[in-house]
Amino acid sequence: MRDQDNRYLELAFGEAESAGKRGEVPVGAVLVSAGGEIIASAGNRIIERHDPTAHAEMQVLRAASAAMANERLIGTSLYVTLEPCAMCACAISFARVARLVYAASDPKGGAIEHGPRFFELPTCHHRPVVVRGPLAAESAELLRGFFRARR
């Protein structure tokens with residue numbers, strides 16, 4: 001499973017790099033079926049779309065739901081380069097994603113191991129298996145470099 005996680009997180013990392021080149025915060029996501037098929041991938045497009053909800057995770061969930069003609073993404077795995085925020089964690093739960101693998105922690109805006117710890121709340125209806133994956137250092141450095149260049 002670890003090799004598979006590495007491969008899909010590397011694809012998400014590529015989406016994050018592309019987002020950074022577009023001037024977006026470099027976060028990328030990939031959603032994969034239980035059979036290992038990539039259903040959707042995206043990077044942040046908040047600025048480009050003038051949409052505060054255009055996080056990489058939200059875009060992937062929307063695209064996958066449309067592709068599968070189902071709001072329930074049962075059996076899927078979501079790979080993200082940064083710990084999801086509360087909005088994205090809620091959407092991941094509502095979509096019934098089976099597994100969440102993320103690279104870098106986000107002590108300031110994350111909602112999985114930080115902040116509200118969304119999946120631990122009694123009001124959370126579905127809790128995916130959460131794996132803190134590889135590429136944490138690379139993802140964190142990509143983000144640091146992006147914000148360092150902006151200062």
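1. Starting with the second largest pocket: about 180 Å³ of space lies in it. Keep in mind throughout that this is a predicted model.

2. Who lines that second pocket? Val27, Asn44, Ile46, His55, Glu57, Leu82, Glu83, Pro84, Cys85, Asp106 and Gly109 do. Sorted by class, the lining of the second largest pocket comes to 5 nonpolar, 3 polar and 3 charged residues, with Glu57, Glu83 and Asp106 among the names on the list.

3. On to the largest pocket, which holds about 230 Å³. Its walls are made by Val25, Val27, Asn44, Leu82, Ala104, Ser105, Asp106, Pro107, Ala140, Leu143, Arg144 and Phe147. The split here is 8 nonpolar, 2 polar and 2 charged.

4. If you're comparing the two linings, Val27, Asn44, Leu82 and Asp106 turn up in both.

5. Which helix gives the most to the lining of the largest pocket? That's α5, with 4 residues.

6. Helix α5 (residues 136-150) also packs with helix α1 (residues 2-21): their axes come within 11 Å and cross at roughly 0 degrees. So α1 runs roughly parallel to α5.

7. As for the side of α5 that faces α1, Glu138, Ser139, Leu142 and Phe146 in α5 meet Phe13, Ala16, Glu17 and Gly20 in α1. The residues of this contact divide into 4 nonpolar, 2 polar and 2 charged.

Notes:
Residues numbered from 1 in each chain as written. Predicted model: local features only at pLDDT ≥ 70, side-chain atom pairs only at ≥ 80, totals over all residues. Heavy atoms only, no water. Axes fitted to C-alpha atoms, helices over the stretch in contact; angles between N-to-C directions. Helix = DSSP H or I, 4+ residues; strand = E, 2+ residues; numbered from the N terminus. Parallel < 35°, antiparallel > 145°, perpendicular 65-115°, else oblique. Contact = heavy atoms within 4.5 Å. Nonpolar A, V, L, I, M, F, W, Y, C, P; charged D, E, K, R; others polar. 1 Å grid on protein atoms, 1.4 Å probe; cavity = no way out; pocket = protein on both sides within 12 Å on 5 of 7 lines; lining within 4 Å. Points joined across faces, edges and corners; volume = space filled by probe spheres on them.
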